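Reader: I have a model open on my screen and I'd like to learn how to read the places where chains touch. Can you walk me through it?

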Amino acid sequence: MSGSPTAEWPLWEVFVRPGRGLSHVHAGSLHAADAEMALGNARDLYTRRGEGVSIWVVASTDIHASSPDEKDSLFDPAADKPYRHPTFYTASEGVPNL
Amino acid sequence: MTPQLVSATAPNGADHAAVPSSRQADMADMADMAEYLLWLGDDALVSAQRLGEWITNAPELEEDVALGNIGLDQLGQARALLSYAGELLGRNEDELAYFRDDVDFRCTHLVSLPRGDFADAVVRLLLVGAYSEQLYAALTTSADERLAGIAAKAIKEVRYHVEHAAGWAVRLGDGTDESHRRMQDALNRAWPYLDELFDPHPLTDHLDGIAVDPATLKEPALQRITAVLDEATLTVPATQRVAGGGRDGRPSEHLGPMLAVMQVLARAHPGASW
Amino acid sequence: MHGDHAPATSAGPAGPAEPSASGQSSFDRVIAGDGRIEPRDEMPDDYRKSLIRQISQHAHSEIIGMQPEGNWITRAPSLHRKAILMAKVQDEAGHGLYLYSAAETLGASREDMMQALLAGKARYSSIFNYPTPTWADIGAIGWLVDGAAICNQVPLCRASYGPYARAMIRICKEESFHQRQGFEILLTLSRGTPAQHELAQEAVNRWYAPSLMMFGPPDADSPNSAKSMAWKIKRFSNDELRQRFVDMLVPQAQALGLTLPDPDLRWNAERGHYDFGELDWSEFKAVLAGQGQCNVQRVEHRRRAHTEGAWVREAAMAHAAKKAARQQQSARGAA
């Protein structure tokens, strides 16, 4: 029989730095009993084709994320500040090096 | 089969009487060199073949991927070593892998033991890995540049294999009662075969500066192994060694059946390409 | 809250509630605008369930699919082929893991998905219930089965659910070598000795029709398709993809010097496609219903590996707990 399901290994999020000069990027997740195993598994799972030069693993439960419910209050206020973007300023059009 | 080509002794038959003595020495060196490459290549190939049996059988899917990676590293080492041996013997890697009988293989008994449970896999990876780690580290300075190059690539791979095995040895040794018992049992099963890896052999004397005297690897390898076993709360077995003889054409009983499976298709179509 | 992986239990046994009115309208807007739904967005319960079903079936297929090919790792006829096959089967484990990981962002737990597979409650692609008696089957699986899988999967790279689409992009990138190596095996056999050529032809004869059935039943009999297409999980119908696949196969078979076992296969200039014969769906249904040669064996193999590994998984957890306790103790000691 398949036996009683044992406690599942916890989930880890994997971030891979694809090359020097680049940030770590979320690659996916995996299961591992401890951080050392998570690093090894991440290496075998997400860098089999030389996709990375560095790996971070973070226990999924340690990630704190913004909630979609707060999306409006977190991100909408930034939408009405066009003066933060260079394209807002038209007076300098045609003037060199500006 | 031409077993005399892979004999450990220099060819000295009547055919060679006409050969100038310096060439005779070269040929003797070549045969010795090929023989040594078979030691290493066959250990790697047979280890890879056993790991291949693990794929789809690992205790967790992530470990299927990990064991696959280790097996692929070992297979890569085997191919580099057997290709080199093959060039010296006038045969290619596949002729050496698929068309030699078990008595023509030169692997140690430890690598050909049956697959066993996951504890057996971990123990074997640790013991063979600790030996290989010392071996390839020493061979990076071999006077034979091609072998030194193969060793330089292999040492990086083997260090990772030992780390992987050590991690598991500690988790299982210091895990549950059952895992501790299984690890200790597996260790007891494998331990009598460990000494063969370090047996001195006249061949390495013939290849002074090129090959490594296995006996010199024993102390550092054992240090590494016992450090891991300590952390894993496992006991070094007090068992006696068994006879061995893998390097001299006296293979374990398990090698024949393994090769029967490995070679069955290639031998059914001699001369075919794949 | 915990990023993309909400604890599986938070949804409760009944599953997450239907989205609020504003959640539903934002979901509809994203789908209509060809955008991507992300894990913590509100989504209709049906969409979530349908995705969990599809992604976990897909993951199970990768994992079960390791077996027919794994069957030949120890007997691969050259070291070169052995290395390629090991890497390929290993990739399949990897692909299964990417997909389980995507399904887990929807609140499914891997252990639950695995238990469903082991209990025979979850489906996987029927194609893997066919046996691989000869080495040529490894070529035929690569060329036909992986070929069909790629046809199916490329459009899934644009599936509306972000984690699924991202997993598929990674998988498609890695799978391109799988089909090519299968083609290469068959080509070498086809051009090899007469016995090898025959092995290749015989394997293609066995795998051709089952690979066409991998696209699923004809559109008229595919109850879930319409909804999946409306949600932009699926982008093309079963029959469209099947036609595309057949059109690709014909010139490839010619290059291989092998024939496709269908007397009705011919070019239709009017349609600009190949016409092909009726498929025997009764066989498909029988295999789906558990009567394939290997249905029992495949699930049993996975169950045995999972059961035999239980002590290892438990020990790893026990060790992690011990280590954490020791660290805590030494931290307390130091304080």
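**Where the chains meet**

Author: Let's start with chain C and chain A: 30 residues from chain C and 32 residues from chain A take part in the contact. Keep in mind that this is a predicted model.

Reader: How much area do chain C and chain A bury between them, and what share is on carbon and sulfur atoms?

Author: About 2,700 Å² is buried there, with carbon and sulfur atoms carrying 52% of it.

Reader: And how many salt bridges are there between chain C and chain A?

Author: For a salt bridge, you look for a side-chain nitrogen of Lys or Arg within 4 Å of a carboxyl oxygen of Asp or Glu. Between chain C and chain A the count is four. Try finding A:Arg48 and C:Glu174, whose side chains meet in a salt bridge at 2.9 Å, N to O. There are also eleven residue pairs in polar contact between these chains, both residues at pLDDT 80 or more.

Reader: Which elements of chain C give two or more residues to the side that touches chain A?

Author: Those are α4, α5, α7, α12 and α13 of chain C. The largest share, eight residues, comes from α4(C). By class, this side of chain C has eight nonpolar, ten polar and twelve charged residues.

Reader: OK, now chain B. How many residues are in contact there?

Author: Here 47 residues of chain C touch 48 residues of chain B. The buried area is about 4,000 Å², and carbon and sulfur atoms give 66% of that. Have a look at C:Leu79, C:Gln90 and C:Trp311: they supply 20% of the area chain C buries against chain B, more than any other three residues.

Reader: What is the salt bridge count between chain C and chain B?

Author: Four. One to zoom in on joins C:Arg326 to B:Asp174, with the closest N and O atoms 2.6 Å apart. The rule also finds 19 residue pairs in polar contact across this interface, both at pLDDT 80 or more. On the side of chain C that touches chain B, α4(C) gives the largest share, 13 residues. That side has 25 nonpolar, twelve polar and ten charged residues.

Reader: How do I spot empty space?

Author: Rolling a probe the size of a water molecule over the atoms shows where empty space is left. In this model, the largest pocket holds about 1,300 Å³ of space. Its lining has 48 residues, with C:Gln57, C:Asn152, C:Met214, C:Phe215 and C:Gly216 nearest the centre. Among the elements giving two or more residues to that lining are α2 (45-64) and α6 (136-153) of chain C.

Reader: Which classes do the lining residues fall into?

Author: They divide into 22 nonpolar, 15 polar and eleven charged.

Conventions. Residues are numbered from 1 along each chain as its sequence is written. Chains are lettered from A and ligands numbered from 1 in the order in which they are written. This is a predicted model: local features need pLDDT of at least 70, side-chain atom pairs count only at pLDDT 80 or more; totals for chains, interfaces and linings use all residues. Side-chain values use heavy atoms; hydrogens and water are left out. Contact means heavy atoms within 4.5 Å. Buried area is the accessible area (1.4 Å probe) that two parts lose on being put together, summed over both. A polar contact is a pair of N or O atoms within 3.5 Å; within protein, one must be able to donate a hydrogen and the other to accept it, and residues adjacent in sequence count only if both atoms are side-chain atoms. Helices (H or I, at least four residues) and strands (E, at least two) are DSSP runs, numbered from the N terminus. Ala, Val, Leu, Ile, Met, Phe, Trp, Tyr, Cys and Pro count as nonpolar, Asp, Glu, Lys and Arg as charged, and the others, Gly among them, as polar. On a 1 Å grid over the protein atoms alone, a cavity is a set of points where a 1.4 Å probe fits but cannot get out, and a pocket is an open set with protein on both sides within 12 Å along at least five of seven lines; lining residues have an atom within 4 Å of a point. Grid points are joined across faces, edges and corners, and a volume is the space filled by probe spheres set on the points.
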